[in-house]
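Here is a short set of questions and answers for a reader meeting this structure for the first time. Please look at the sequence and the model before reading on.

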Amino acid sequence: MLIDSSEKVDAIVIGGGIFGCAVAYYYTKNNPGKKIVVLERNEICNAATSRAAALVTRIRSKQHFIPLSLETYRAVAEMEKQLNESMDMKRVGVLHAAASESTVADLDDMMRIADSFNEPSEYLTHETVKAKVPWLKTDEVLKFGFIPNESYCDPYLLGTFFARCAKMNGADIRQGVEVNDLLMEGNTAIGVSTTAGNIYANAVVIAAGAWSPVLAMQAGVGLPMAPVRSQYWITERNDIFPVDSPIVLLPDAQAYARPEGGGLLFGIRETKSFTTSPLGIPKDISNFSFSPDRGVSDLSEVIDKLGRFFPAVYDIGLKYYIAGFSGYTPDNNLSMGTVPGIKSLFAATGCAGAGISVSGGVGLAFAELIAGRPNPYDFAKFSIERFGKIDPFSKVWLDKCAVARSQKRSG
């Protein structure tokens, strides 16, 4: 006798990273009684999410990111109340250090943006900065700007907060279930085929991070993003790294840093960012070799630029190396929205290194879209169609996305 292993739900999310869990959180909160299923072939939040540096910065030069990040802060407060737990957001602020005429101009623009969003900000003296950030060589910097309400967090904890609250609200989050294929009826996505059977739905959201282009291509769509390596290091503990010192952005060194347990977490934009085709990424990246020498050769190429501001980098011990894939695009914007030409299919992808920060806004946007309501945010700059027709697996496309990350100066 044949057993019918199919089921029908209101919405399916492919991928249990921070975007997928955030979509489930908002959908269950705003659509009581509706059924959403999140499908994760491994464990939730164990790929890009858990490897993020997790700078939850709201004020950015790309102002269209800001409303999404503001929503993340609102969501954190709501979820802390729902769970009766603190997420322990580290609200240490962001210090912008400008050491050239062009980055001073960028800093002044950033401070104006902060003011336009009623966000407190101030210029700091070199003496004040030296007291806050003992490891920073302040005499190399022309101007400092400080935005005090910015934070960083534990990215895995934020992702699991979304997941736990979503489950409390009725979401069905399934781990160890792999999506094999999209189920299509003409130009409409009607569900997915999984290792546990078929699931049909009124809406399907691709939120599978680095693997998303593979799924989108099943619907004949070239998803404009590429998996590009992000990497950072955590130093040994030292008294020059106060636990309450601010996040520091060093655009002239294309670097960033933040406190981490008495040490310093810092990342760089290497000269040539590593990328690979989504087709070649293993299902579980736990043992994937992002760099055979733990990023040492990449760091050595730019260490003089970083050492100009962080001279201790030459001598301090590096205790941990962390790397993962972020979804980058040639313009360093997110790549997401309704999938063009395909009904009922959506893509929450292309985090451009800002996925943790914008997760709240992304979750709310897609929860509204799959419920048939208007997107509360303007996604024009994130349009999946903005680059025209592309081949997401071609070397030309992958290299364009990698170059965009290498040339990125902002945090």
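The questions below concern a buried charge and an aromatic pair.

This is a predicted model, in which local features need pLDDT of at least 70 and side-chain atom pairs count only at pLDDT 80 or more, while totals for chains, interfaces and linings use all residues. Residues are numbered from 1 along each chain as its sequence is written, and side-chain values use heavy atoms, with hydrogens and water left out.

Q: Which side chain makes a polar contact with the side chain of Arg60?
A: Arg60 is buried (under 20% relative accessible area, with a 1.4 Å probe and protein chains only), yet Arg60 has no salt bridge, that is, no side-chain nitrogen of Lys or Arg within 4 Å of a carboxyl oxygen of Asp or Glu. The nearest side chain of opposite charge, Glu150, is 7.0 Å away. A polar contact (a pair of N or O atoms within 3.5 Å, one able to donate a hydrogen and the other to accept it) is made at 2.9 Å with the side chain of Thr57.

Q: Why is the pair of Trp135 and Phe310 stacked or edge-to-face?
A: Rings of Phe, Tyr and Trp (its six-membered ring) pair if their centres lie within 6.5 Å, with planes under 30 degrees apart counted as stacked, over 60 as edge-to-face and the rest as tilted. The structure holds 15 aromatic pairs. The centres of Trp135 and Phe310 are 5.1 Å apart and their planes are at 70°, so the pair is edge-to-face.

Technical notes: Buried < 20%, exposed > 50% of the residue type's maximum accessible area, 1.4 Å probe, protein only. Lys, Arg positive; Asp, Glu negative; His and termini not counted.
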